[in-house]
Amino acid sequence: MIQKLNSVGIALKHVETRPDKAHPGELEILAQIETRKPLLMEVLDHLIADKIDRIEIKSSEKDNTITSSKNVASEENIWIPTHVSDLDKCGHVVVKYEPTEDPKHPGFGDESYITRRAELNSIANNWKFGDQMPDIEYLPEENETWKISYLKLKELRESHTCEQYQRNIKQMEDIGLITAEKIPSLQAIDKYLRAKTGFQLRPCGGLLSARDFLASLAFRVFQTTLYTRHHSKPNHCPEPDLIHEILGHTPMFADPIVAEFSQEVGLLSIGASDEQIELLSTLYWFIIEFGLCEEDGKLKAIGAGLISAFGELQHACSDVPAHAPFDPYVTAVQKYEDSDYQPLYFVAKSMSDAMTKLRKYALDFDRQLINNIQNKI
Ligand SMILES: [Fe+2]
C-alpha cells in the first residue's frame, strides 16, 4: 500500500495496523495522508485491486479540498517548481461552485452541459508540458453564448475599462484573433501572447488552488479553463470559464506592465508559506481580478473578473460600493467576497503605480520568505 501511495506522489503521514474487531481474522489499517480528491480516486482503484476490500475515507477539510503534500511548503516539505514543465504538477483544482454540486450554478441539473464540461476538463487534465494548446471545435450553442457575452461587454468597454485593456483587445480584434462570431482559437491566442509578452497558456480543469495558479504566473504561464458558462446565463458565471479567461485576462496579459506585475506576484509565491500564499492571492484578487484604476477622474476596470462580468463591472465603477486606494499592505489582508459583488474595491492610480507599490511590498515579503525557508531547512 505504501508503495502504491508513493508511486502517485501521496505522502503517508501516519499508519497503524490492528486486528479488525468487526471482522475477526482481518486487519484494519488506518492511514493518514494529505492529498487531493482526483489523486486519491486514482490510487483507490489500485488499492482495491490489491486485496483491500473495504475503504473508508474521512476528510479533515470542511470544503473537501485536500492538498497534495508535495505541493505545500509545509514545515517538512518545501517543493519548488524550477522549470516550466514542473507545472504539470500544478493542476490542483478547488471544488467550489461546480454544476454537479451547487444548485446555484446555472448549469446545475443540465446533464449535457455537465458532460461537456467534464469532457473539456478531461482534455485539460491530460495535457502535459510540450503539448500544443488543444484545438477545440466549440459547439454552436457555446459559440452563441460567447457572442452574446462578448457583444454585451463591448457596450461597456469604452466607458468602464482601462486604457490598457481597450488598446490590447482592439489589437487582438484588428488582426481577427477575437471576433464576435466564434470562440477564438486558444492555439492562436497562445502564439500571440508568447510573441507579445512571453506569456503562454496551459489548460486547467477548473478553479485552481491559489498556490498552483500563482506558481504558474511565476513562469509567465496562464492556466485557462476550456469550458464555457451555461447558455442560460451568458452574462454571469460563478466560476472561471473560457469567456472570463479570453475576454478578461488575455488582453491584459498582452500588456507588458500587467504581465510583469503578474509574474512578480507569482515569483513571490514560490516557496511561500500557506499564510503568505493567502496574502498574495488576496493581492492578486483585488488587482488582477477586481482592480480599478483612475483615468481622467473616472473609475475604470483593470481586473479580469470585472471586465468579463457585465453586472459587476457597472456596480464596481458606480458610487454604490466603497473604494480605497491600492496599498499592498492594506489590500493583502482585506477579506474578499467570492460569492457576490465586492463591497469594497481598490483603486490604483495606474498599473505602473500599482507595480511600484508592489515592488516595495515585495522587498519586505521576500525578507520574511527567506527567513521562513531558512528556519525550515
Ligand atoms: Fe480570473
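**Figure 1. Lysine 349 and its surroundings in the predicted model.** With a relative accessibility of 58%, lysine 349 counts as exposed, because the limit for that class is over 50% relative accessible area. The model shown here and in the following views is predicted. Lysine 349 has its place in the loop between strand 8 and helix 14 (351–376). When its neighbours within four places in sequence are left aside, the residues in contact with lysine 349 are Cys293 and Glu294. Although lysine 349 and glutamate 294 are 55 residues apart along the chain, their C-alpha atoms are separated by 5.5 Å.

**Figure 2. Strand 5 and the two strands that pair with it.** Strand 5 (residues 292–295) and strand 6 (residues 298–301) run antiparallel and are joined by 4 bridges, and one pair to look for is glutamate 294, whose bridge partner in strand 6 is leucine 299. Strand 5 also pairs with strand 8 (residues 344–348), here in the parallel sense and over 2 bridges. In that pairing, cysteine 293 has alanine 348 of strand 8 as its bridge partner. Both cysteine 293 and glutamate 294 have appeared in the previous view, as contacts of lysine 349.

**Figure 3. The turn between strand 5 and strand 6.** The two strands form a hairpin with 2 residues between them, and aspartate 296 lies in this loop between strand 5 and strand 6. Aspartate 296 is not a glycine, yet its phi is positive, at about 50°. Most residues other than glycine have a negative phi. The relative accessible area of aspartate 296 is 82%, and therefore the residue is exposed.

**Figure 4. Strand 4, its partner strand and the residue before it.** Strand 4 (residues 221–224) runs parallel to strand 3 (residues 200–203), and 4 bridges join the two. Within this pairing, leucine 201 stands opposite phenylalanine 222 of strand 4. Strand 4 is covered on both faces, with Val221 and Gln223 buried on one side and Phe222 and Thr224 buried on the other. Arginine 220 lies in the loop between helix 7 (210–218) and strand 4, and its phi is near 55°, a positive value in a residue other than glycine. Arginine 220 has a relative accessible area of 17% and is therefore buried, whereas aspartate 296, the residue with positive phi in the previous view, is exposed.

**Figure 5. Glutamine 223 and its polar contacts.** Glutamine 223 is found in strand 4, and at 3% relative accessibility it counts as buried, because buried means under 20% relative accessible area. The side chain of glutamine 223 reaches the backbone oxygen of cysteine 90 at 2.9 Å, and a polar contact of 2.9 Å joins the side chain of glutamine 223 to that of serine 216. Apart from neighbours within four places in sequence, the residues in contact with glutamine 223 include Arg202 and Pro203, as well as Cys204, Leu208, Asp212, Phe213 and Glu245. Of these, Glu245 is one of the buried residues of helix 8, the helix shown in the next view.

**Figure 6. Helix 8 and the iron ion.** Helix 8 (residues 242–253) is mostly covered, since 12 of its 12 residues are buried, among them His244, Glu245 and His249. The iron ion is coordinated by the NE2 atoms of His244 and His249 and by two OE donors of Glu289, at 2.0 to 2.8 Å. The site has 4 donor atoms with angles of 51 to 137° among them, and it is irregular. Along the chain, the donors of the iron ion follow the spacing H-x4-H-x39-E. Because histidine 249 lies in helix 8 and glutamate 289 in helix 10 (residues 274–289), this pair ties together parts that are 40 residues apart in sequence. Histidine 249 counts as buried at 2% relative accessibility, and glutamate 289 counts as buried at 13%.

**Figure 7. The whole chain, as a setting for the close-up views.** The chain contains 14 helices and 8 strands, and buried residues make up 51% of its 377 residues. Among contacts with a separation of 6 or more, 64% are between residues 24 or more positions apart. The accessible surface of the chain comes to about 18700 Å², and 52% of this surface belongs to carbon and sulfur atoms.

Conventions: Residues are numbered from 1 along each chain as its sequence is written. This is a predicted model: local features need pLDDT of at least 70, side-chain atom pairs count only at pLDDT 80 or more; totals for chains, interfaces and linings use all residues. Side-chain values use heavy atoms; hydrogens and water are left out. Buried means under 20% relative accessible area, exposed over 50%, partly exposed in between (1.4 Å probe, protein chains only). Contact means heavy atoms within 4.5 Å. Accessible areas come from the Shrake-Rupley method with a 1.4 Å probe; for residues, only the protein chains shown count as cover. Two strands pair if DSSP finds at least two bridges between them. A polar contact is a pair of N or O atoms within 3.5 Å; within protein, one must be able to donate a hydrogen and the other to accept it, and residues adjacent in sequence count only if both atoms are side-chain atoms. Donors are N, O and S atoms within 2.8 Å of the metal (3.2 Å for Na, K and Ca); water is not among the atoms, so sites may look incomplete. Four donors count as tetrahedral if all angles lie between 85 and 135 degrees; four count as square planar and six as octahedral if opposite donors are over 155 degrees apart and all others between 65 and 115; anything else is irregular.
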